[in-house]
Amino acid sequence: MKRLRPIAIIAGIAIALGLVLWLVSSVAQIAEVCRYSPLLCNFLIALIIGLMLALIGAIVYYILVIQRGERQSQRRRQQRQAQQTQVPPQKTEAAAENLSAVRQQVAQIQDEVTRQALIERSQEIEANLARGNLQVVVFGTGSAGKTSLVNAIFGRIVGQIAAPMGTTTVGQTYTLRLKGLERKILITDTPGIQEAGVAGTEREQVARQLATEANLLLFVVDNDLRQSEYVPLRALIEIGKRSLLVLNKTDLYADEDREQILARLRERVKDLIAANDVVAIAANPQPVTLPEGEIFQPDIEVTPLLRRMAAILRQEGEELIADNILLQSHRLGEEARQLIDTQQRQQAEKVVERYQWIVAGVVLVTPIPVADLLATAAVNAQMVVEIGSVYGCELNIERGKELALSLGKILASLGIVKGAFQLLSAALQLTVPTFLIGRAIQAVTAAYLTRIAGRSFIEYFRRDRDWGDGGIAEVVQQQFQLSRRDEFIREFVQQAIARVIQPLTSRSQTIENEEEWQ
């Protein structure tokens with residue numbers, strides 16, 4: 001349309017000049033005719049005036065109607081283009097809210113290095129939200145032809161191509177422009193997965209992280225899909241990664257074999273990827289020696305992949321950007337929550353550990369009947385208050401007593417007090433002097449019950465003061481089962497001997513020595 005406009009203008013100017021020349025000639029003729037026929041003169045003048053009015057009307061119509069319509073059409077096109085280059089506002093707002101919440105969470109993280117890393121990642125997500133580039137990540141096993149594919153897309157060598165696995169050791173990103181897309185496309189070549197050794201594992205972690213940041217994932221294989229390839233592909237699709245499965249090196253197969261492999265691939269991923277998103281290519285076809293002895297170099301064939309990529313990015317690009325930014329903000333928020341949860345759990349477990357040995361010391365110096373262990377060990381209101389404080393829940397001592405008493409009743413009703421006493425009696429019989437065995441068993445059992453109670457309250461506060469579907473009994477029972485494992489009992493008894501029994505033994509021996517001296 002834009003090309004025709006100059007032609008129309010030139011034609012209009014030519015017509016106007018022609019009309020002017022005709023008008024001059026006509027006026028001269030009219031002047032000559034008017035000498036002999038006034039009636040004909042009047043007719044010609046009326047005709048000229050009518051033609052002039054028609055011309056003026058056409059010009060006015062063009063200015064007021066046609067040009068206005070063109071301007072309106074142009075504005076509508078510009079609005080459509082602006083809408084096409086904007087991420088859907090609802091998802092943008094949701095991502096911005098998530099990032100704001102992440103910043104509040106990050107402020108609670110005590111580790112400076114971890115906190116700064118999360119802040120930088122949130123800033124990177126915000127920058128991606130502002131830029132809105134389309135990120136295409138090439139992913140797959142080592143030497144499946146990922147770098148060759150990138151080279152073929154760009155039509156030039158942008159990375160090293162070699163037979164050994166592990167050629168691409170870090171993510172490398174290149175810029176691409178597609179006709180009809182305003183956004184810039186960034187194509188990232190990643191290290192191969194399923195490589196051996198520590199270095200291979202580290203490269204795979206880099207590749208997986210890059211894959212989770214993709215708007216569009218190109219998963220490259222060179223044969224039928226193996227289980228080791230299917231598992232990461234499924235995991236990436238399940239978190240929302242739009243994916244194409246690319247069968248590379250098709251020049252190595254006969255046409256029939258190629259079609260069979262494609263059919264098997266489509267069957268294996270039919271629940272994950274649409275059939276038209278499984279594409280065959282030959283990114284770096286190998287030379288073929290002809291019967292005559294000549295070497296024939298087949299053409300690179302990546303056109304089907306480029307067409308499918310272009311169609312997806314044009315049709316779904318804006319949604320892919322919005323979904324990816326929202327996903328990244330959610331994942332960052334979840335990571336921050338997990339870090340905070342780990343931090344709070346560690347702080348709360350220190351509270352429990354401190355109180356369990358305090359209780360053990362109290363019981364050791366003031367022996368009480370087994371039936372009363374619950375009152376001194378499990379029901380510890382101050383411990384409950386301090387655990388609540390770690391999780392941002394401020395309780396008074398009365399509320400702490402209520403919670404501790406309710407848990408104490410559950411400990412008794414489930415038979416955990418008796419079970420703990422029997423369990424620790426058997427563990428201590430062979431390690432504690434005979435004259436201390438009774439007091440030691442009581443003290444260690446009290447510490448053990450305090451630990452079960454404390455860890456149960458940690459779960460309660462972690463769940464935002466909710467015992468869960470199974471209620472308090474299920475949480476307490478789970479903690480008891482975790483605390484009765486052989487490896488835990490051995491470690492717990494060793495700690496109890498070092499913290500409680502050995503100091504008491506030393507003190508008893510000191511007292512005996514003093515009595516003998518006297």
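Two strands count as paired when DSSP finds at least two bridges between them. With that in hand, here are some close-ups of this model, which is predicted.

**View 1. Strand 3 pairs with strand 1 and with strand 2.** Strand 1 (residues 134-140) runs parallel to strand 3, and five bridges join the two. V136 has I187 of strand 3 as its bridge partner. Strand 2 (residues 172-176) also shares five bridges with strand 3, but in the antiparallel sense. Here L176 sits opposite I185 of strand 3.

**View 2. Strand 3 is largely enclosed by the rest of the structure.** How many of the residues of strand 3 (residues 185-189) are buried? Five of the five are, so the strand is largely enclosed. Side chains in a regular strand alternate between the two faces of the sheet. In strand 3, I185, I187 and D189 point one way, while L186 and T188 point the other way, and all of them are buried.

**View 3. Y448 and F488 form one of the eleven aromatic pairs in the structure.** What makes this pair tilted? The ring centres of Y448 and F488 are 6.4 Å apart and the planes sit at 45 degrees, so the pair counts as tilted. Y448 belongs to helix 14 (residues 437-462) and F488 to helix 16 (residues 486-517), so the pair ties together parts that are 40 residues apart in sequence. Y448 is buried, at 0% relative accessibility. F488 is buried too, with a relative accessible area of 16%, because the cut-off for buried is under 20%.

**View 4. F488 also forms a stacked pair with F492.** For F488 and F492, the centres are 5.7 Å apart and the planes differ by 25 degrees. The two residues are four apart in helix 16, so about one helical turn separates them. F492 is buried, at 1% relative accessibility. Setting aside neighbours within four places in sequence, F492 is in contact with Q356, W357, L424, V444, A447, Y448 and R451.

**View 5. The largest nonpolar core holds 54 residues.** The members that touch the most others are I387, L407, Y448, F457, F461, V476 and F492. Which helix gives this core its largest share? Helix 14 does, with 14 residues. Helices that each supply at least two residues include helix 9 (303-365), helix 11 (381-390), helix 12 (397-413) and helix 13 (416-428). Helix 15 (471-483) and helix 16 are also among them. Look out for a ring cluster as well: ring pairs link Y391, F457, Y460, F461 and W467.

**View 6. A second core is separate from the largest one.** This core has 43 residues, including L149, A152, L305 and M309. In soluble globular proteins, nonpolar side chains tend to be buried together.

**View 7. K249 and R465 each have a positive phi without being a glycine.** K249 has a phi of about 65 degrees. Where is K249 found? This residue is in the loop between strand 5 (242-247) and helix 8 (255-268). K249 is partly exposed, with a relative accessible area of 26%. R465 has a phi of about 55 degrees, and its place is the loop between helix 14 and helix 15. R465 is partly exposed as well, at 48% relative accessibility.

Notes
Residues are numbered from 1 along each chain as its sequence is written. This is a predicted model: local features need pLDDT of at least 70, side-chain atom pairs count only at pLDDT 80 or more; totals for chains, interfaces and linings use all residues. Side-chain values use heavy atoms; hydrogens and water are left out. Rings of Phe, Tyr and Trp (its six-membered ring) pair if their centres lie within 6.5 Å; planes under 30 degrees apart count as stacked, over 60 as edge-to-face and the rest as tilted. Buried means under 20% relative accessible area, exposed over 50%, partly exposed in between (1.4 Å probe, protein chains only). A nonpolar core is a set of buried Ala, Val, Leu, Ile, Met, Phe, Trp, Tyr and Cys residues joined through side-chain atoms within 4.5 Å. Contact means heavy atoms within 4.5 Å.
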